[in-house]
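Let's take a walk through this model together, beginning on the inside and working outwards. Have the structure open and follow along.

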Amino acid sequence: MSTDDEQADVVVIGGGGAGLAAAVSAAEHGASVLLFEAEQELGGSTQLSAGMLTAAGTSVQAALGVEDTPQRFFQHYLDLNHWQLKPGLVRAFCTQAGAAVEWLIGLGAEIPAKLSHDAHTPGLTRAGVEDVWRGHVPKDQGYGLVQVLGRAARRAGVETVLNTRVERLLVEPGRVAGVVADGIEVRAGAVVVTSGGFARDPALRSRYYPDADAAGEDLFVVAAPGSRGDHFAFGAQVHASITGDGRGLLLPTAYFQRLHHWQSGFPPRSRVLVNAHGRRFMDEDASYAVSSGIISAQDGPVWMVFDDLARRCLPPGYAHWDAEHVRSEADAGRTLRADSLDELAGKMAVPASALQATVDRWNTQLPAGRGDPEFLRHETLAAKGVTEPPDEIATAPFYAARTLPAELVCTHAGLEIDAGAAVLDALGDRVPGLFAAGEAGAGVLGLRYVGGGNAVANAVTMGRIAGRAAAG
């Protein structure tokens, strides 16, 4: 319990998925909790997400006969990240992620034991390039998770202060003793920083994630408005160590997309991605765990090639991948259009013979029901529940849309934490009284985004650990 000069046992800075998980967890362990949220509502980037969590060894997997363990998850996680993360922290995350899913279900989250073929249908889905399915999709997506955690916070007596941005930490000799908000000192036994990432701050992006700048004018940010990097200033007060420099998640998109894909829409199934040599180089439906890296590794621009049948078959109602919008982009000359592949190749500045061979090969393989022997896209499509072969690319006019990693979802640089979510200083020692989680607490999200649900699982899992530790 708080002492006479403390207003709360635990102060949480930020009310997204990590902050709400921390607040509920701390309250469950007997602490009085005061949560500050800079925006006018709770939820942060979690509320804007699909809400999927990647986790292993869960009851949802077991009910579907999926055999999985946290150790298997841990091995895959570090292998994909080239072992450039601290194994102790990653093991704690992989071990506790499944428990966090069970905790959410206990709080009222609905994650049915059903197979799902996308990130929006509740159930278990393929999250990335794992050999077993680990993506747990809740009902009502990220919004639903925030509602569940918000109700749990109210039941637990968490006091929430909205529209209040914490200015700085209250630091006393030997410990963090609270925060300063609206010029008022709020004393606490411990502080948990869960203020999100820095995707909305151009200067911090250039400093800590310059890959985003490479997208130039095509860059668009889907992180919450409060993702302003406040954690760096808090960390500077206590000489905190910063880790995750240069890492984040950029999703590959056509240049004209400007919104989450469930608003922008989805590219046509009958498409090929080609590089500056006119060659196809990847599975076009590869998980964003690896797809952005594959695209970035190409020499020169990458083009998405499709035909007029594919354009006309785009489902209506989306902002960008809509038949009329694509036509208007072509009319404006921004999306390339030509009556023949030879003419299109000239506009793309790629060898016409290579582009023709690429499209001919495509037409005789997947559309003909022969699979995709080079890139195994038929397996990815099957995991998405697609049973019908895609169409040939054969109906003029033909189109080419420049494609690149340009949708900034989350950033990975932040306050270095240990397996107990305690913030570490420049010497690697714990900063007494200070914890962090989510994008603000770095070290779990790494070089490669392991799959859909990596960030939300990190937020909830490490937030839960941070709240429990802060209460202690």
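Arg279, Arg280, Thr358, Arg361, Trp362, Gln365, Glu374 and Phe375 line the largest cavity. Please keep in mind that this is a predicted model. The volume enclosed here is about 80 Å³. Sorted by class, the lining is made up of 4 charged, 2 polar and 2 nonpolar residues. The charged members include Arg279, Arg280 and Arg361, while Trp362 and Phe375 are the nonpolar ones.

How many cavities of 30 Å³ or more does the structure hold? There are 2, and the second largest has a volume of about 30 Å³. Its lining consists of His412, Gly438, Glu439, Gly441, Ala442, Gly443, Val444, Leu445 and Asn458. By class, that makes 5 polar, 3 nonpolar and 1 charged residues; glycine is counted among the polar ones. Here are the two side by side.

| Cavity | Volume | Nonpolar lining | Polar lining | Charged lining |
|---|---|---|---|---|
| Largest | about 80 Å³ | 2 residues | 2 residues | 4 residues |
| Second largest | about 30 Å³ | 3 residues | 5 residues | 1 residue |

Now for a single residue, Asn275. You will find Asn275 in the loop that runs between strand β13 (272–274) and helix α10 (291–296). Is Asn275 buried or exposed? Asn275 is buried, because its relative accessibility is 7% and the cut-off for buried is under 20%. Leaving aside residues up to four places away in sequence, Asn275 is in contact with Phe281, Gln298, Pro301 and Val350.

Stepping back to the annotation, an unreviewed UniProt entry lists residues 9–456 as "domain: FAD-dependent oxidoreductase 2 FAD-binding". Within the model, helix makes up 31% of that span and strand 21%. The C-alpha atoms at the two ends of residues 9–456 are 26 Å apart.

Finally, the protein as a whole. It contains 16 helices and 20 strands. With a radius of gyration of 23 Å, close to the 23 Å that the globule rule gives for 472 residues, the protein is as compact as a globular protein of that length. Measured out along the principal axes, its C-alpha trace spans about 80 × 45 × 40 Å. Of the 472 residues, 59% count as buried, and Asn275 belongs to the buried group. Among contacts with a separation of 6 or more, 73% come from residues 24 or more positions apart.

Key. Residues are numbered from 1 along each chain as its sequence is written. This is a predicted model: local features need pLDDT of at least 70, side-chain atom pairs count only at pLDDT 80 or more; totals for chains, interfaces and linings use all residues. Side-chain values use heavy atoms; hydrogens and water are left out. On a 1 Å grid over the protein atoms alone, a cavity is a set of points where a 1.4 Å probe fits but cannot get out, and a pocket is an open set with protein on both sides within 12 Å along at least five of seven lines; lining residues have an atom within 4 Å of a point. Grid points are joined across faces, edges and corners, and a volume is the space filled by probe spheres set on the points. UniProt positions are given in the numbering used here, feature names are shortened, and annotations may be inferred rather than shown by experiment. Helices (H or I, at least four residues) and strands (E, at least two) are DSSP runs, numbered from the N terminus. Buried means under 20% relative accessible area, exposed over 50%, partly exposed in between (1.4 Å probe, protein chains only). Contact means heavy atoms within 4.5 Å. The radius of gyration is taken over C-alpha atoms; the globule rule is 2.2 Å times the number of residues to the power 0.38.
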